2 protein chains.
Amino acid sequence: MQKYVKQLLDYPLFFGVKEKDMIPMLNCLGGKVRKFKKGEYIFFEQDDVRQIGIIISGSVDMVKEDIWGNKTMLVRMKKEELFGETFSCGVEQSSVVSFYASSNTEVLFLPFDRVMHSCSMTCVFHHRLIENMVAIIARKNKQLMEKVEVISKKSLREKIMSYLSQQAQKQGTKYIEIPLGRVEMADFLCTDRSALTRELNTMRDEGIIDFDKNMFQIL
Amino acid sequence: MQKYVKQLLDYPLFFGVKEKDMIPMLNCLGGKVRKFKKGEYIFFEQDDVRQIGIIISGSVDMVKEDIWGNKTMLVRMKKEELFGETFSCGVEQSSVVSFYASSNTEVLFLPFDRVMHSCSMTCVFHHRLIENMVAIIARKNKQLMEKVEVISKKSLREKIMSYLSQQAQKQGTKYIEIPLGRVEMADFLCTDRSALTRELNTMRDEGIIDFDKNMFQIL
DNA sequence: CACTACGCGTTGCAACTGCAACGGACGAAT
DNA sequence: ATTCGTCCGTTGCAGTTGCAACGCGTAGTG
């Protein structure tokens, strides 16, 4: 466990926690590290999702399966990210969501209720942990809302504008750098890559936007 | 304030709180009720969203505005629901989101940090409150993920199937009751009402689904 | 150098679907 | 009963876009 402490300190969940407190805290929480090989399932069956997972290395895909068995990858998460929190406090019927190691992965598991129910306030940083977790969930929430806002547009052009507008707001510049390749961008917008390229070109021709590679500008 | 206590007890945020504790707790938190007329803005400018709002009566729309001033209604919230939580813990640049009273509305405001930072543990239920809030945010999260899952489908047919499949899973029956009218359903699927009707009929003709009014069945 | 894999732009085509317009059914109010 | 408003199904049409296929350039690998 010792060897993970240094990097854990930088993780959002542990913001504000002091190095010397990490080991006691992890012990107090009953944290355990497990390794998964690429392709293995961290299959959180709906009733025993009582752990939250923090990715230490590798990557985890959140996969949703419908009643015919069609799988859709919803999110890919990397180092530092948290998963399972949303389902750990699920009162209601949870969707059948699986987590899947999309590369060799190390995960630190913490029992959700130990994180939430402070151990009679003995460790000072417990509350800090809860606050951090709330912040993390809230941030995910915001990201999801942003995504919904974009992909709820009916036409591709609107999606693109919505997305660019959003990025512009975030980055505060007129010159927007998109952190995605064309394929990923199309994927994010839930559209076809070729259709995206086509529409981008049309929009440039019409003088609505300008771009070069991943640098965009709204005119 | 007294007069609100009874109904507040049933709200998700106050689950598990005893009646006699409500008044002291609300005082401790510094809760305030404000009224808004239909059409008024509860305009949470991004830097002073330090309150969470609990809707006591009426309805509140969450509205997103892009850089050209086009407004989109993201969610309509009703009695019992919470808003503002997502932005109260925002570390990063928040999107410009406004809240808007879509009918005459009463809102109970609670300062976010008072809710989070327990008042030196004096009131027993404080922790309960925090737990409840985490649960509420997590639930919203799940709802959003479900929505994303549905509307990220490329074809209308896929959206419909995804939605029905989801509802079937939730309701546990083969006979699915959709709590939405056609207009609202189309709205939820981010598509056109007529297109929705058309596709539903096609799917019925092809023997994929069957339905009558709002009762659906997957074959 | 040759070979391969990958990301990206381009294009033709057919199907999908957004849009607008119309009409019927139903309920509320006058 | 009449009128109005709302919800919903239907249909024609044109523009959009998903799909498949091809070609180019670059990077990595033998």
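**Strand contacts and salt bridges**

User: What lies 3.2 Å from a backbone N or O atom of B:V183?

Analyst: In this predicted model, a phosphate oxygen of DNA strand D lies 3.2 Å from a backbone N or O atom of B:V183. A polar contact needs N or O atoms within 3.5 Å, so the 3.2 Å pair formed by B:V183 and the phosphate oxygen qualifies.

User: Which side chains place a polar atom by a phosphate oxygen of DNA strand D?

Analyst: A:T191 does so at 2.4 Å, and B:T197 does so at 3.2 Å. Both values are within the 3.5 Å cut-off, so both pairs count as polar contacts. The elements that give two or more residues to the surface near this strand are α8 (193–205) of chain A, together with α7 (182–188) and α8 (193–205) of chain B; of these, α8(B) gives the most, with five residues.

User: Which residues come nearest to DNA strand D, and how many surround the strand?

Analyst: There are 16 residues around DNA strand D, and those that come nearest are A:L156, A:T191, A:D192, B:R193 and B:N201. Of the atoms of DNA strand D that come within 4 Å of the protein, 48% belong to sugar and phosphate. By residue class, the surface near this strand is made up of three nonpolar, seven polar and six charged residues.

User: What makes A:N201 and B:D192 polar partners of a phosphate oxygen of DNA strand C?

Analyst: An N or O atom in the side chain of A:N201 is 2.5 Å from a phosphate oxygen of DNA strand C, while for B:D192 a polar backbone atom is 2.9 Å from a phosphate oxygen of that strand. Since each distance is within 3.5 Å, each pair is therefore a polar contact. A:V183 also has a backbone N or O atom 3.1 Å from a phosphate oxygen of DNA strand C. As for the surface near DNA strand C, five of its residues come from α8(A), which supplies the largest share.

User: Why is the pair A:D21 and A:K20 called a salt bridge?

Analyst: The side chains of A:D21 and A:K20 meet at 3.5 Å, N to O; a salt bridge requires a side-chain nitrogen of Lys or Arg within 4 Å of a carboxyl oxygen of Asp or Glu, so the pair qualifies. The structure holds 17 salt bridges over all chains.

User: Why is A:D21 counted as buried or exposed, and how does A:K20 fare?

Analyst: A:D21 has 18% relative accessibility, and buried means under 20%, so A:D21 counts as buried. A:K20 has 64%, which is over 50%, so A:K20 counts as exposed.

User: What makes A:K170 and A:E146 tie together parts of chain A?

Analyst: Their side chains meet in a salt bridge of 3.1 Å, N to O. A:K170 belongs to helix α6 (residues 156–171) and A:E146 to helix α5 (residues 126–151), so the pair joins parts that are 24 residues apart in sequence. A:E146, at 9%, is under the 20% limit and therefore buried, whereas A:K170, at 34%, falls between the 20% and 50% limits and so counts as partly exposed.

User: What links A:R157 and A:E206?

Analyst: A salt bridge of 2.9 Å, N to O, joins their side chains. A:R157 lies in helix α6 and A:E206 in the loop between α8 and β9 (209–212), so the pair ties together parts of chain A that are 49 residues apart in sequence. A:R157 at 25% and A:E206 at 49% both fall between 20% and 50%, so both count as partly exposed. A:R157 and A:E206 are also linked with A:E199 in a network of salt bridges.

Key: Residues numbered from 1 in each chain as written. Chains lettered and ligands numbered in written order. Predicted model: local features only at pLDDT ≥ 70, side-chain atom pairs only at ≥ 80, totals over all residues. Heavy atoms only, no water. Near = heavy atom within 4 Å. Polar contact = N/O pair within 3.5 Å; in protein donor to acceptor, adjacent residues only side chain to side chain. Helix = DSSP H or I, 4+ residues; strand = E, 2+ residues; numbered from the N terminus. Nonpolar A, V, L, I, M, F, W, Y, C, P; charged D, E, K, R; others polar. Buried < 20%, exposed > 50% of the residue type's maximum accessible area, 1.4 Å probe, protein only.
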